[in-house]
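Visitor: Could you take me through one part of this model in detail? I would like a close look at how two of its helices meet, and at what lies beside them.

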Amino acid sequence: MVGQTSIHSRALLVWLRISTWSARRYDKKVSAEVNARHNASTDAGRYNKMLLPGDATAYKTLTALAGSIRLQHYSNTLAWSDEGWRLLPTANYATYTAWLRDQQREFSNALNTFASDYPTLRAQASRLLNGLYRDEDYPDTHDLRTRFALSVEYAPVPAQGDLRVDLGADQIALIESAMRFRPRKSQRRAGSSTQVMSNCSSI
């Protein structure tokens, strides 16, 4: 019966956390100089330095992958709370976790490639930025790795105490239908989007 079906037995909550390094730095001194040169107010503009060369392929590939993973996660789950928890049907759990393991492995490989290229990219940035280069703007390689992260947490849907759990079987069926996970199509889209995004500015 519809009334006997509750969403906590048909779905679970998932929280995917993705973090990246922006590779940008606000330069307070240069901002003040520019504003003063133009007789502008002290808050008229902010100068943000690009810390890596514009053609930093390894960095762009890594950040594009992070964006692709985030989008695929959103497209295969439904919003549940403002904090970041999202709803995943238990029927899709195995497929979702298999997909995520592949993404975590790809993310780790991309991070290794970027970390390997980082000293060279930093040296190139030193020449390009010239007088704007500041050694303290750059994390060391170990700290750099900690700026990138991809982790997941699962939790049961509360059985009571939340108005959203009181859904009928027909509503749950609609949720499951709307979020039917299609990893092959998603991966094909991710591959093409990563190709495009890797040639664009980072997220």
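Guide: Happy to. This is a predicted model, and the place to begin is the crossing of H2 and H3, which is left-handed. The axes of these two helices come within 8 Å and cross at roughly 165°. Since angles over 145 degrees count as roughly antiparallel, that makes H2 roughly antiparallel to H3.

Now for the side of each helix that takes part. H2 contributes Ala58, Tyr59, Leu62, Leu65, Ala66, Ile69, Gln72 and His73. They meet a set of H3 residues that includes Tyr96, Trp99, Gln103, Phe107, Leu111, Phe114 and Asp117. Sorted by class, this contact has 12 nonpolar, four polar and two charged residues.

The helices also have a sheet to pack on. It is open, with four antiparallel strands in the order S4-S5-S1-S6. S4 (78–79) and S6 (149–156) are the edge strands; each has a single partner, so one side of each is left without a neighbour in the sheet. S6 pairs with S1 (residues 11–19) in the antiparallel sense over eight bridges, and within that pairing Leu13 has Ala155 of S6 as its bridge partner.

Helix H2 (residues 57–75) packs on this sheet, touching S1, S5 (86–89) and S6, and its direction makes about 165° with that of S1. Helix H3 (residues 93–129) packs on the sheet too, with contacts to S1, S5 and S6. The direction of H3 makes about 160° with that of S6.

Key: Residues are numbered from 1 along each chain as its sequence is written. This is a predicted model: local features need pLDDT of at least 70, side-chain atom pairs count only at pLDDT 80 or more; totals for chains, interfaces and linings use all residues. Side-chain values use heavy atoms; hydrogens and water are left out. Two strands pair if DSSP finds at least two bridges between them. Contact means heavy atoms within 4.5 Å. Axes are lines fitted to C-alpha atoms, for helices over the stretch in contact, and angles run from 0 to 180 degrees between N-to-C directions. Angles under 35 degrees count as roughly parallel, over 145 as roughly antiparallel, 65 to 115 as roughly perpendicular and the rest as oblique. A crossing is left-handed if the near helix is turned anticlockwise from the far one by less than a right angle, and right-handed if clockwise. Ala, Val, Leu, Ile, Met, Phe, Trp, Tyr, Cys and Pro count as nonpolar, Asp, Glu, Lys and Arg as charged, and the others, Gly among them, as polar.
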